[in-house]
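Please open the model in a viewer and keep the selection panel at hand. The tour below proceeds from one selection to the next.

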Amino acid sequence: MDLHGSKAYSRRAFLQRGVTLASSAVTVPYFLQSSAVALARPANAGTSVAGVPEERVLVVVQLAGGNDGLNTVIPFEDDSYYRLRPQIGIPGAQVHKLSARSSIGLHPAMDSMKELYDDGLLTVVQGVGYPNPNRSHFTSMDIWHTADTSGVGDGWLGRFFDAQCAGADPRTGKGAPAGHAGVAVGRDAPLAMQGRQYRPISFETADMFRWTGLDLHPSMAQPYEEILESELDPTVEQGNPSAAFLTRTAMDAQVASAKIRRAVDTDPLVRYPNSGLARQLAMVASMIRAGLETRVYYVSLGGFDTHAGQGGAGGQHANLLRTLSEAVNAFYKDLQAQGNDGRVLTMSFSEFGRRVGQNASNGTDHGAAAPMFLMGPMVRPGVHGGHPSLTDLDAGDLKYHTDFRNVYSAVLGEWLKADSSRVLGGTFKPLRVLKT
Amino acid sequence: MSSPPTASLRPITPDAFGYEQARHLLLRAGFGGDPNQIRTLADWGPKRAVKHLIEVGAIEGYPEPRANSFEGDLMRQPTPEELREYRRAQERGDEERVAQFRARRQRMQRADRSQIRSMQRWWLERMIESPKPLEEKMTLFWHGHFATSYRAIEHSYQMFLQNQLFRSHALGNFGSMLFRIIRDPAMIRYLNNDRNVARSPNENLARELMELFSLGEGNYSERDIKEGARALTGYSFSENDFLFVPDRHDQGSKRILGRSGNMDGDDFVRAILEQRDCSEFIASKLYRFFVRELPASRDDPDAKPVSAILRRLAATFRGSRYEIAPMLEQLLLSEHFYDPSNLQRQIKSPAELVVGAVRSMRTPVRDLGILVDAMDLMGQSLFFPPNVAGWEGGRSWVNTSTLFVRQNILNFLLTGKTPSGYDAMASVERYDPMVLLDDLRETDPDADRSPQKVVSYLLRFMLGGEPTPDKMRTLVGFIEGHGGRVTPDVVTGTLALIAAMPEYQLC
């Protein structure tokens, strides 16, 4: 086979020749270029922490609707708590105290997360928020996604990928993120992952991340295969850069589709509970196990907008917290069984907490500051920061003492090894939540 | 290496204007057309074809949107009386009453979000069915240019009014549009000019008015922004109408872009329109929309001819006092526009892809909601541009994820198949692809029985240019696998396969 002739561009040829020849071809799928670089490096070279591989993964768990932080991490020794929440307040005897001397504890439904906490795999960051809190779901979610207090602009993870794109060789794409560097499991691709150049892959089930023409009739498969493998005419490559770009992207998409679908087709190593979030995390664990080049995964759990009848130790909100706890617990058991737990940091957030006082419908209205969770063997376990005061309030809401961008800064700078001030458009001191 | 494009703005001669050129014109100055429409424009010749597309006023019978097409008061502000009552309820700790007020506000917001979704479907439908495609395409251009997002303003009727402003000025005068945009409630809200008051000016609108809407970065000073913001103080809105608040307006003397005096918003716009940079900035933005991306550097062999073209387009624009139509007509008629290097060069926007598929292949529309959702997944949600700079366009449309959505939505239009299986409601209507072959039969009555001729004809229609041997081989092989019979199902399958070729994403 003539590697430098026009035949050098077919997808099959790439897959067969693998990474060793990637640098000799002009039109190489972007991901092959970057993985060629990754593979060329000795496994433990340049790692900053012994035993932790550089191929680190971030999993973001979005709790949509505004999680009631005050009934998640509970200041059970504070009388104001019971005074302001006569019906929905949770008795101190039932909470999972975070230590013998601690005055805060996790909601009774969170046994599984308490287990992670006891194993040193969980850190609670208290009182997280931002200046002039916005109480609209839409806007506040955008603020968290863009890491901009006006909620305008590209997503913070999108900018992280964009920065990688910018550092890549413009001609060969060398150093650019893989097409599937960011994967969102769900119908919508979150704003957080949308960059100016980078767009994440998103799918509800991996079955959708493929060409549906194959389902029309069996006879479509053969011609489709031929289309994918047809060579790109080198004169087109030079004369019409748009066509060359599209052909390259089509190759990337095909390879990513095959890899992802193969990955999620395997059975997880542990039993997951029966919930949507657990299914999403099981898929993420399978993709991590398959060694995909994905750096950031995004999953979400909705239903936290508990305006009425949210319940106390049991009920609506308790069920949501149980779903969350059991899913992340199973996820880390799976990762441990794979031996991948050290590579994975998980972060949960919600667009806002809820009002301190319960409302007339035994629910809570939109509030402000709330806790965040960080999970994984690489977190500094424990509780970060004090519980916000229940009496010194901002229009009925908890005052934040930690800006969420200080958490992002740690995740970007210390975990993803990015230039966090460039990505965040300002310098935010990284919160000391990770072992470095 | 292909040679640089011609720098000629001379009108293309009628004999150089055939099927390929008419197809190109319909794609760029509209959303594409079926084979008969392409043939008709080719027969008319360039002058009449371009005139037909540009003179939207001459086409009658398609209803204009009406003020009552949507509900204007869903997001009505509470009256002073209601506000007083709400505050009293808060003061006396009447939780129930306060909760009622909040619940009503939430109901209004829900109704408004539902209305913006129906507006998305409504506009998409207009793009699909309007006999004046260039009017809708220019409306989309202005929406991306003066980008305002529902996400930030949460007021669907103001978005509708702005959309109407863009449509009524689509091919009109850019200057009048600028005078109107500083009075547009959606824009004023989006760029916070309702908070721009004499005592503490807000520079947001003043800055974007020059940077993104008219002059381009670097063609004004920070002082122009500061003084411009003062000229715009007091430009606010009340419900759906512009409201000038004299008390909030700074009556002092300002100096903006070389003009001075007690300037107001109109004087600011006049000062902008006097700048040569304004004509050049808008001309080059329209050029990028209709022709191609600008060369990245001066060393690019295309840089010289392209900048010569831009200079002359800007001169035409200035000469007509910012009328859009004459400049656009000059461009769409020019030899440069039809230069081979400009054909099949742009990446279709999601709107061009979806609307174009229906308009050119004559597929059923099936479900506007699914089409709107798919456009969102492809990165173009109507009324929700990503930021004040609008959609970036070009390569940013396509990545590994959006490419499958772009291909699969074509499968949906052709067959009714959604990514998750057959949609019972949507798949009722069967697509008849045979109408596409009428034009082929007209010139060659038996051609529709020849797989070779059908494939070559469809490739020319769907991708433009000369069919390549490997594509011919693949598709003819597909038809021969079905006994060589050109049945509706086989043609639909062929169209789905062509739409899966990377080149289909180009126009």
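Begin with residues 235–244 of chain B in this predicted model. Strands β1(B) and β2(B) form a hairpin here, with two residues between them. Within the turn, E239(B) has a positive phi of about 50°. Colour the two strands separately: β1(B) covers residues 235–238 and β2(B) residues 241–244, and the two run antiparallel, joined by four bridges. To see one pair across the hairpin, display S236(B), which stands opposite L243(B) of β2(B).

**Chain B: helices α17, α19 and α23**

Select residues 350–361 and 400–415 of chain B next, which are helices α17(B) and α19(B). Their axes lie 10 Å apart and meet at an angle of about 25°. Angles under 35 degrees count as roughly parallel, and α17(B) and α19(B) are therefore described as roughly parallel to each other. The crossing in which α17(B) passes α19(B) is right-handed. Show the side chains of L353(B), V354(B), A357(B) and V358(B) on α17(B), together with R406(B), I409(B), L410(B) and L413(B) on α19(B); these residues make the contact. By class, the contact of α17(B) with α19(B) comprises seven nonpolar residues, no polar residue and one charged residue.

Keep α19(B) in view and add residues 488–499 of chain B, helix α23(B). What is the angle at which α19(B) and α23(B) pack? The angle is about 165°, and the axes are 9 Å apart. This makes α19(B) roughly antiparallel to α23(B). The crossing of α19(B) and α23(B) is right-handed. From α19(B), the residues to display are Q407(B), L410(B), N411(B), L414(B) and T415(B); from α23(B), they are T492(B), L495(B), A496(B) and A499(B). The contact of α19(B) with α23(B) holds five nonpolar, four polar and no charged residues. Note that L410(B) takes part in the contact with α17(B) and also in the contact with α23(B).

**The contact of chain A with chain B**

Display both chains and select the residues that meet across them: 46 come from chain A and 46 from chain B. On the side of chain A, the elements that give two or more residues are α5 (137–146), β7 (201–203), α7 (221–229), α8 (234–239) and α9 (241–264). Which of these elements gives the most to the side of chain A that touches chain B? Helix α9(A) does, with ten residues. By class, this side of chain A has 20 nonpolar, 18 polar and eight charged residues. For the complex, the predictor gives an ipTM of 0.90 and a pTM of 0.81.

**Chain A: a sheet and a helix pair**

Move to the open sheet of chain A, in which three strands are arranged in the order β2-β4-β3 with antiparallel pairing. Strands β2 (73–74) and β3 (96–97) of chain A stand at the edges, each with a single partner strand, so one side of each has no neighbour in the sheet. Select β4(A), residues 105–106, which runs antiparallel to β3(A) and is joined to β3(A) by two bridges. At one of these positions, H96(A) has L106(A) in β4(A) as its bridge partner.

Then select residues 276–289 and 316–338 of chain A, helices α10(A) and α11(A). These helices pack at an angle of about 15° with their axes 9 Å apart, which makes α10(A) roughly parallel to α11(A). The crossing of α10(A) past α11(A) is right-handed. The residues of α10(A) to show are L277(A), A278(A), L281(A), A285(A), I288(A) and R289(A); among those they meet in α11(A) are L324(A), A327(A), F331(A) and L335(A). The contact of α10(A) with α11(A) has eleven nonpolar, two polar and three charged residues.

**Confidence**

Finally, colour both chains by pLDDT. Chain B has a mean pLDDT of 94, with 98% of its residues at 70 or more. In chain A the mean pLDDT is 85, and 85% of the residues reach 70 or more. Select residues 1–53 of chain A: pLDDT stays under 50 over this stretch, for which the model has 76 contacts beyond four places in sequence.

Methods
Residues are numbered from 1 along each chain as its sequence is written. Chains are lettered from A and ligands numbered from 1 in the order in which they are written. This is a predicted model: local features need pLDDT of at least 70, side-chain atom pairs count only at pLDDT 80 or more; totals for chains, interfaces and linings use all residues. Axes are lines fitted to C-alpha atoms, for helices over the stretch in contact, and angles run from 0 to 180 degrees between N-to-C directions. Angles under 35 degrees count as roughly parallel, over 145 as roughly antiparallel, 65 to 115 as roughly perpendicular and the rest as oblique. A crossing is left-handed if the near helix is turned anticlockwise from the far one by less than a right angle, and right-handed if clockwise. Two residues are in contact if their C-beta atoms, placed from the backbone, lie within 7 Å. Ala, Val, Leu, Ile, Met, Phe, Trp, Tyr, Cys and Pro count as nonpolar, Asp, Glu, Lys and Arg as charged, and the others, Gly among them, as polar. pLDDT is the predictor's confidence in each residue, from 0 to 100. Two strands pair if DSSP finds at least two bridges between them.
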